[in-house]
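Grab the model and work through these exercises with it open. Each one has a task, then a solution you can follow step by step.

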Amino acid sequence: MSEQNNIILTGFMGTGKSTVGRALAQELGYVFVDTDNLVAQRAGKPVTLIFAEDGERTFRDWEASVTEDLVTHRGLVIATGGGLFTSERNAEMLEATGPVFCLAAKPKELLKRIQASGEHRPLLDAENPLQRLEELLAERDPIYKKDKYTQIDTSGKKPAGVVKAILNELKKQEI
Ligand code: S3P
């Protein structure tokens with residue numbers, strides 16, 4: 001494992017990017033960062049308030065500015081917000097700094113995890129959150145399911161199992 005790289009986690013809300021990323025960073029002696037936290041720090045308010053008061057466009061601008069800074073660093077495990085890769089520019093900049101792992105799970109499991117987390121996800125505010133989640137997931141599929149990203153199925157796995165799967169892939173791919 002080269003200290004020259006970052007390790008980037010993408011995937012839909014509820015796939016466990018932050019929990020897994022924190023444990024993975026600890027395992028590798030990397031520094032863990034979470035783009036949602038960095039955005040909230042910079043904006044001086046939580047992500048949900050940015051969405052409510054300033055709108056999604058402003059939130060995406062914050063994500064772009066956080067991404068620009070992160071790519072100047074190495075030795076990071078970066079958990080990205082689920083929509084950060086919808087910007088091709090963000091995705092390309094991050095890809096250039098290290099391998100990308102895309103975490104996935106089945107829609108029902110995702111919704112269960114999101115609801116259990118107690119964290120508000122403005123994009124799922126809908127009469128039928130499962131239907132909204134499935135629509136958004138279908139829209140995002142081409143962004144997440146790229147051959148150049150290593151796909152990690154987290155369904156039925158605990159975070160430690162997902163970390164292990166990523167470590168195995170890193171070894172297998174000699175990253
Ligand atoms: C979003 C995912 C969220 C957060 C925001 C928008 C998205 O992050 O950035 O609510 O567009 O998918 P998580 O993937 O960490 O939940």
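Helices here are DSSP runs of H or I with at least four residues, strands are DSSP runs of E with at least two, and both are numbered from the N terminus. The model is predicted, so to speak with limits: local features need pLDDT of at least 70, side-chain atom pairs count only at pLDDT 80 or more, and totals for chains, interfaces and linings use all residues. Residues are numbered from 1 along each chain as its sequence is written, and side-chain values use heavy atoms, with hydrogens and water left out.

**Exercise 1. Lay out the sheet: what is the order of its five strands?**

Step 1. Collect the pairings; two strands pair if DSSP finds at least two bridges between them. Strand 2 (residues 31–34) runs parallel to strand 3 over four bridges, and strand 1 (residues 7–11) is joined to strand 3, also parallel, by three. Strand 1 and strand 4 share four bridges in the parallel sense, as do strand 4 and strand 5.

Step 2. Chain them up. You get an open sheet with the order 2-3-1-4-5 and parallel pairing. Strand 2 and strand 5 sit at the edges with a single partner strand each, so one side of each has no neighbour in the sheet. From one strand to the next, the twist averages 25° (axes are lines fitted to C-alpha atoms, for helices over the stretch in contact, and angles run from 0 to 180 degrees between N-to-C directions).

Step 3. Check the register with single bridges. In strand 3, Val-77 is the partner of Ile-7, Ala-79 that of Leu-9, and Leu-76 that of Val-31. Across the sheet, Thr-10 bridges to Cys-102 in strand 4, and Phe-101 to Thr-150 in strand 5.

**Exercise 2. Which way do the side chains of strand 3 point, and are they buried or exposed?**

Step 1. Recall the rule: in a regular strand the side chains alternate between the two faces of the sheet.

Step 2. Apply it to strand 3 (residues 76–79): Leu-76 and Ile-78 point one way, Val-77 and Ala-79 the other.

Step 3. Look at accessibility, where buried means under 20% relative accessible area, exposed over 50% and partly exposed in between (1.4 Å probe, protein chains only). All the residues of strand 3 just named are buried. Strand 4 is mostly covered too, with four of its five residues buried.

**Exercise 3. How many aromatic pairs does a search of the whole structure find?**

Step 1. Set the criteria. Rings of Phe, Tyr and Trp (its six-membered ring) pair if their centres lie within 6.5 Å; planes under 30 degrees apart count as stacked, over 60 as edge-to-face and the rest as tilted.

Step 2. Run the search: it turns up two pairs. Phe-51 and Phe-59 make a tilted one, 4.9 Å centre to centre with 40° between the planes, and both residues are buried.

Step 3. Phe-85 and Tyr-149 make an edge-to-face one, at 5.7 Å and 80°. This pair links distant parts of the chain, 64 residues apart: Phe-85 is in the loop between strand 3 and helix 5 (88–95), Tyr-149 in the loop between helix 7 (129–144) and strand 5 (150–153). Phe-85 and Tyr-149 are both buried.

**Exercise 4. Place Arg-140: where is it found, and what is it in contact with?**

Step 1. Arg-140 belongs to helix 7, and its relative accessible area is 6%, so it is buried.

Step 2. List its contacts (heavy atoms within 4.5 Å). Beyond neighbours within four places in sequence, Arg-140 meets Phe-12, Arg-60, Gly-82, Gly-83, Thr-86 and Leu-123.

Step 3. Now the polar contacts: pairs of N or O atoms within 3.5 Å where, within protein, one must be able to donate a hydrogen and the other to accept it, and residues adjacent in sequence count only if both atoms are side-chain atoms. The Arg-140 side chain reaches the backbone oxygen of Gly-82 at 3.1 Å.

Step 4. Turn to the ligand, with 13 residues around it (a heavy atom within 4 Å). Arg-140 is among the closest, along with Lys-17, Asp-36, Arg-60 and Arg-121. Ligand oxygen atoms lie 2.7 Å from a polar side-chain atom of Arg-60, 2.8 Å from a polar backbone atom of Gly-82 and 3.3 Å from a backbone N or O atom of Gly-83.
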